[in-house]
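Biologist: I would like to learn how to read strands, sheets and cores in a model. Could you walk me through one?

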Amino acid sequence: EERKNVAMAKSGDIFTVYTEEELSGRIKKHLGIVDEKRTGYRKERMKLVAAAVSSLVLITAIWMNFTRGIDTIITLEVPVEYTGSRQDMILLDTSVKTVSLNLNGSATLLKNLTPGNVKVTIDLSNGEIGKNLFYITNDNISLPPGVFLRNTTPSSINIVLDKYSKKNVPIQAEWKGKKPNDIQISSVSFKPAIAILSGPSLLLNEISTVYTHKVPLENIAESGMMLVNLDLDDKIKIENVSNGKFTMEYIVSRQIDTIQGQ
């Protein structure tokens, strides 16, 4: 007491007590007096633990019920969409138009799944003129929540990219059938004389002459003219005529006239 120190002794051990709270606590513990605040805290803690365990059990049950049909598998044929194409670039050809997706998930979700709910998109912004190979990954496929991708067929697409260009080419008549024996076609001309074509450069590079649709020879009896269409790929356009038709003028001579002249 003179040094203002307090000590407690129990079962041969001596404890130095520094605060009133510590002294009060040790006395209460020795006498078996329960601290109501601590007891209340323990009860609240036990309630929280019980609630957490119950929530975990409930969530697990819901998840198990939701995923009960996780092994349900369907195959969906989805058209491929293309984005990111530059203004001067055109998609000339692709190895496939659709991709087959093998999907799994809840039977409830898959029941009403249609190709409209799924997207397969290829970004062409990094493509080059000519042949390109694009791999189909998860990044290319957009699926509704709860639906999962197993695999794709095919796993890649060959794509031919090209650019627009123009080219002037001569025109030549393409005939069919058999002309009369006394008929000779001495000359053929076109108005306009050439065709100005526009379209994919890879296709235009292969064209040196453009031909008309086949003209029946049996209809040719005398000199005249007719409107004709050109035999072209759908991707190629004609720039110098509005309706795509050219005027073909042909000169016919008869062998009998030549004999009489002699």
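Modeller: We will go through the sheets, one strand with several partners, a single residue and then the cores. Please keep in mind that this is a predicted model.

Biologist: Let us start with sheets. What is the order of the strands in the open sheet of five?

Modeller: As a general idea, strands of a sheet pair through backbone hydrogen bonds, either parallel or antiparallel. In this structure the five strands are arranged as β8-β6-β3-β5-β9, and the pairing is mixed. At the edges are β8 (141-142) and β9 (147-153); each has a single partner strand, so one side of each is left without a neighbour in the sheet.

Biologist: How many bridges join β3 to β6?

Modeller: There are four, between β3 (residues 72-83) and β6 (residues 119-123), and the two strands run parallel. To find the pair by eye, look for Val80, which stands opposite Val120 in β6.

Biologist: Which strands form the open sheet of three, and in what order?

Modeller: The order is β12-β18-β16, with antiparallel pairing. Here β12 and β16 (224-229) are the edge strands, each pairing on one side only. From one strand to the next, the twist averages 30°. Between β16 and β18 there are six bridges, and Asn229 faces Lys245 of β18.

Biologist: Now for β10. Which strands does β10 pair with in the antiparallel sense?

Modeller: Take them in turn. Strand β4 (residues 89-94) is joined to β10 by five antiparallel bridges, with Asp93 opposite Val160. Strand β7 (residues 130-135) is also antiparallel to β10, over six bridges; there Tyr135 stands opposite Ser156. With β13, β10 makes seven antiparallel bridges, and Lys166 is placed opposite Ser198.

Biologist: And how does β14 pair with β10, parallel or antiparallel?

Modeller: Parallel: β14 (residues 210-211) meets β10 over two bridges. Ile171 has Val210 in β14 as its bridge partner.

Biologist: Can we zoom in on one residue? Is Thr152 buried or exposed?

Modeller: Thr152 has a relative accessible area of 14%, and the limit for buried is under 20%, so Thr152 counts as buried. Thr152 belongs to strand β9. Its side chain reaches the backbone oxygen of Pro154 at 3.5 Å. Setting aside residues up to four places away in sequence, Thr152 touches Val99, Ser100, Leu101, Ile136 and Ile141.

Biologist: That leads me to the cores. Which residues touch the most other members of the largest nonpolar core?

Modeller: The general idea is that in soluble globular proteins, nonpolar side chains tend to be buried together. In this model the largest nonpolar core has 23 residues, and those touching the most other members are Ile171, Ala195, Leu197, Phe246 and Met248. At least two residues of this core come from each of β10 (156-172), β12 (183-191), β13 (194-200), α4 (201-204) and β18 (245-254). The largest share, four residues, is supplied by β18.

Biologist: Where is the other core, and which residues are in it?

Modeller: It lies apart from the largest one and has 20 residues, among them Leu76, Leu110, Val147 and Ile157.

Biologist: Finally, which residues is Leu197 in contact with, beyond its neighbours within four places in sequence?

Modeller: Its contacts include Val169, Leu204, Ile207, Leu232, Ile236 and Ile238. Polar and charged names appear in that list too, among them Ser165, Lys166, Lys167, Lys237 and Glu239.

Key: Residues are numbered from 1 along each chain as its sequence is written. This is a predicted model: local features need pLDDT of at least 70, side-chain atom pairs count only at pLDDT 80 or more; totals for chains, interfaces and linings use all residues. Side-chain values use heavy atoms; hydrogens and water are left out. A nonpolar core is a set of buried Ala, Val, Leu, Ile, Met, Phe, Trp, Tyr and Cys residues joined through side-chain atoms within 4.5 Å. Buried means under 20% relative accessible area, exposed over 50%, partly exposed in between (1.4 Å probe, protein chains only). Contact means heavy atoms within 4.5 Å. Two strands pair if DSSP finds at least two bridges between them. A polar contact is a pair of N or O atoms within 3.5 Å; within protein, one must be able to donate a hydrogen and the other to accept it, and residues adjacent in sequence count only if both atoms are side-chain atoms. Axes are lines fitted to C-alpha atoms, for helices over the stretch in contact, and angles run from 0 to 180 degrees between N-to-C directions.
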